[in-house]
Amino acid sequence: MSARSSVDPSPMPRRTDRRGRTAVLPPRIDHALRTPRLIAGIVGGLLVLLTVVPLALLLVGSFRPDGLPLAAGWTFAHYIDVWGSAYDWWLVVNTLIFAGGSTCLAVGIATALSWLLERTDLPGRGLFRAMILMPMATPPLLLAIGWALVLAPRIGIVSVAVQPLIGPIDRWFNIYGMPGAIFVQTLAYVPTSVLMLSPAIRALDPALEEAAVVAGANRWQVMRRVGLPILRPALLSVVTILMIVGMLAFDVPAVIAIPGHVNLMSIEIFRLMTPPSSFPDYGAAAAMNTVLFAFLIAGLIFYRRTIRHAARFATVSGKGYKPAQVPLGAWRGAAVALMLLYFVLAVLLPFVALLWASVIPYFAGFSLHMLQRASLSAYANLVANSRLREAVINSALIAAATAASLIVLSFLSAWIVLRSKLRRAWLIDVLCMIPLGVPPLMIGIALVVVAFSARFLALYGTIWVIALGHVIVFLPIASRMMQAGLIQISAELEEAAGMAGATLFQTLRRITMPLLSATTIALTIWVLVHSIREFSIAVMLQSGRNSVLSTILYSYWDTGSPERAAALAVLLMIALLALVGILSLTRRRLEI
Amino acid sequence: MTIYNRRHILHALAAATALSGTVTHARASAPSREEVIDAAKSESGLVWYDHYDAGAARSILENFQRAYPFVKKVDFIDVPSAQKTAKVVQESMAGGPTTDVLLHGTAVTESLHQRGFLLETDWAALGVATSPVLTPSPYMIVATTAPYAALCNTSLVKGADVPQSWSDMVDPKWQGRTGHWMRAAFFVEIIPAIGESAARDLAKRLAALRPRLFDGQFPLAEAVGSGEIALAITAYDSAVRMVEKSAPVKLVLIDPTPVPLIVGSVLKYSKNPNTARLFLAWLGRPEGAIMFEKFTKRGNYFVDGTEISKVLKGHKLSYYTAAESIAQASKQNALETEFSRTLTGR
């Protein structure tokens, strides 16, 4: 094990059970925890409640005449109308282009950035790690609005600046269109991809690469035939998740794709749910959504086949290793420039655009005339808003509860899938991934049904029902991140602990969890940020007592106060930037 | 001289029968004004789900409380359109509680009535100047209207270029310089005045200009104000907001002006149905309608004293009555889908 191991060396109080083994828990509990079946049963039951219920409601709703699961009647009409339409199949193709394009770009950029951060002597790595994660602090809607303000053909900050040099910018690149939508969605994806790939890249055992070099492989061959195959589970996880999230994404398409006449599934689903003159067509929206399950199932099958021989991907083992750093040499400047370029594109430019939008009374390009009208009235309005203070506290509590719940749930799920050797352990993995194919609106509807059915729990209208919704929505990514981290830790470490007399609980607490600390911190960062900015679940479960920041921000934007939305986005970005920075530094100290 | 044939007589008889049935039904099931007020005094307040600026909505509710001081607590929950109907239906199916009052289109309101989710009210007893348009049925009242207008950026559209007709708005000279809401509801709402064929032609001519599309009316109006686009057909309230922000814009009312109706209804599974009745009746009277318009910029054309009723006086209007909207809901939805796809070039 590495000399920098973070395994807890402190002695524990000793108590001996009937077989003479030491334990820190009461014997019955300790015995129960030795039984993977019991853990799997409890976790599986919980996951069924959390994931199968929304899925069942979605599927049932797709066969109801009005699309809502508790309504009367059955029909196949939605499926016939949707999948019998050439237009809708064309939408699927267009959406695949959008999701596939942004996924490929994001994974490529994230792999390069992760490799530079984790495997090279890049200067200022700690700072760059925090900077790369900072775009997560920006809700995708505001990131898209920021970029629209930067590159809008006539009023964009950059568009106006470069016009004297190159003429109208839309002759070269029009932000409003498929390329612009892919570009902005890629920027939104990279932080999540980096969080999922970095731990895996960091934990690559250099001995494997050195062995390949000794055998005569060049750097490209080493990467292609040693590095990438070992990273395959992490890469597959990222690709599966980003593809499906991309097919449902609406925030970026709403601002960037719609103006450019780009039609996607998410835009069509939005149109079906907001008709100006009739009942929303939830049934057609649900039927259209089912195509995502085909991709989810395909992604799961690939993933399961890849991790079948999980031991191949273990790089943290009983044999010690020290992660090696590749000297960049003359490429150091280019690497730093790449990092800074990403930061400028993903954070600085949109932030400046939103800052500008927050001080002017209406959207306008930068001009001296508008500068004279600049004021901080939007910020003053925010400070005076008592609901906002309540929303800050609610958002923080929800995010903390969601993160804590997901760390436990995703760890237990990952351990069962990868370690328990139970025959049906793969079902836990499937259950964890189901929410990926269920739109947040439907998860919100499911929680309305559940909360009203179990009124004795008094959940509805509280922040805890929103936290529950967030646990469901973020479970797929949390489970994948945890699996990606666990798959790289060899089982022999836990086996050695067991042979030394440690109970299962001791082994998990003193061996496995410390080795997963970097993954846990990464997961915490991701969940905290996404929970604070999540909107769809929160708006369905609002009651007046549980308002959160995301719903207030969206309300400002959609009801004619873009300056207040921008001001709130600026403040949110600053706060989340600080949070991401602090947690990133903490993560660095816990690295193995 | 108008010659009445058998069809006219049958229609008149049907209308009279429906009306008498409605009135009878109202008398049988809707409480009187005193009963409503007494019952409202024992309720806990008012909960209102909708999608307006939260500050504006609270100001409206505070003014309602001044009119009815016994209303203890008012709560506005911001729920966007995509979620509003699902939330109300699911909560109602589960037995509530849900919002006390719902403002929505007539077709959606009728759908909720058919599901048994609405309560009836004697609007006349609550002081509303009833009419077949303002109070089309005991379970709905026109709470406000959302007319359309033309909005032009005064730096880009000057003098004789300022449009005076809807045809001017789709002139080829605006190629690449105009925008529109991604929903083509405007072209459906103008059909009563110009006919379906002319509306379809207008949609095609606008589509030929490759308008920049927006997912909401406010972003569209902001784009005109910023100069990103030169002009657009937009919601009147969005346009007024830009004028009030001193953006370089000009609001033009063009005949015929489409005036979609937004109706209010009381939910059966609400906690405070009687307070809800008082609120909607208040909105249906000048004092409430004026307050609603003051804060949301959306005025009720059918209530005297509102700014919009003065502004649109003398203009030719285009709107569907509630009965027409309900009868043609499917057709209107199909037309809107067709026109929306036309706008996106499909």
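# Poking around a predicted two-chain model

Reader: Before anything else, which helix of chain B is the place of B:Ser92?

Author: This is a predicted model, so take everything here as computed. B:Ser92 has its place in chain B, in helix H4.

Reader: Is B:Ser92 buried or exposed?

Author: Leaving aside neighbours within four places in sequence, B:Ser92 is in contact with B:Thr98, B:Phe117, B:Leu267, B:Lys268 and B:Tyr269. The call itself rests on C-beta neighbours inside 10 Å, and 20 or more are needed. B:Ser92 has 22 of them, so it counts as buried.

Reader: How far apart in space are B:Ser92 and B:Pro163, C-alpha to C-alpha?

Author: In sequence, B:Ser92 and B:Pro163 are 71 residues apart. In space, C-alpha to C-alpha, the separation of B:Ser92 and B:Pro163 is 47 Å.

Reader: What follows H4 in chain B, and which bond there is cis?

Author: A loop runs between H4 and E3 of chain B, and B:Pro97 lies in it. Most peptide bonds are trans. Here, with omega at about 5°, the cis bond is the one joining B:Gly96 and B:Pro97.

Reader: Then there's E3(B): which residue in E12(B) is the bridge partner of B:Leu103?

Author: Strand E3 (residues 101–104) of chain B has B:Val101 and B:Leu103 pointing one way and B:Leu102 and B:His104 the other, all of them buried. E3(B) pairs with strand E12 (residues 261–267) of chain B, antiparallel, over four bridges. Within that pairing, B:Leu103 is matched with B:Gly264.

Reader: On to the five-stranded open sheet of chain B: which strands stand at its edges?

Author: The strand order is E8-E7-E9-E6-E10, and the pairing is mixed. Each edge strand has a single partner strand, so one side of each is left without a neighbour in the sheet; these are E8 (212–214) and E10 (249–252) of chain B.

Reader: How much are neighbouring strands of this sheet turned against each other on average?

Author: Direction is ignored for this one. The average turn between neighbouring strands is 25°.

Reader: What angle does helix H11 of chain B make with E9(B)?

Author: H11 (residues 236–244) of chain B packs on the sheet, where it touches E6, E9 (231–235) and E10. Its direction makes an angle with that of E9(B) of about 115°.

Reader: Which residues stand opposite B:Ala150 in E10(B) and E9(B)?

Author: Strand E6 (residues 148–153) of chain B is joined to E10(B) by four bridges, antiparallel. E6(B) also pairs with E9(B), again in the antiparallel sense, over five bridges. B:Ala150 faces B:Val252 in E10(B), and in E9(B) its bridge partner is B:Ile233.

Reader: And which residue of E9(B) is the bridge partner of B:Gly179?

Author: E9(B) is mostly covered, with five of its five residues buried. Strand E7 (residues 178–181) of chain B pairs with E9(B) in the parallel sense over two bridges. The partner of B:Gly179 there is B:Ala232.

Reader: Which residues touch the most other members of the largest nonpolar core?

Author: In soluble globular proteins, nonpolar side chains tend to be buried together. This core has 315 residues, and the ones touching the most other members are A:Val580, B:Leu151 and B:Leu231.

Reader: Which helix gives the most to this core, and which domains of chain B does it lie between?

Author: Helix H22 (residues 463–486) of chain A gives the most, with 16 residues. In chain B, two domains both give residues, so the core lies between domain 2 (33–145 + 260–313) and domain 3 (148–258 + 331–343).

Reader: How many residues does each chain bring to the contact, and which helix gives the most on the side of chain B?

Author: The contact takes 45 residues from chain A and 53 from chain B. Those on the side of chain B divide into 21 nonpolar, 18 polar and 14 charged. With 10 residues, the element giving the most to that side is H4(B).

Reader: Any odd torsions: is B:Lys297, with its positive phi, buried or exposed?

Author: Most residues other than glycine have a negative phi. B:Lys297 has a positive phi of about 70° and is found in the loop between helix H13 (286–296) and helix H14 (307–311) of chain B. With 22 other C-beta atoms within 10 Å, B:Lys297 is buried.

Technical notes
Residues numbered from 1 in each chain as written. Chains lettered and ligands numbered in written order. Predicted model: local features only at pLDDT ≥ 70, side-chain atom pairs only at ≥ 80, totals over all residues. Pairing = 2+ DSSP bridges. Axes fitted to C-alpha atoms, helices over the stretch in contact; angles between N-to-C directions. Contact = placed C-beta atoms within 7 Å. Buried ≥ 20, exposed ≤ 12 C-beta atoms within 10 Å, placed from the backbone. Core = buried A, V, L, I, M, F, W, Y, C linked by C-beta atoms within 7 Å. Domains from an automatic or database assignment. Nonpolar A, V, L, I, M, F, W, Y, C, P; charged D, E, K, R; others polar.
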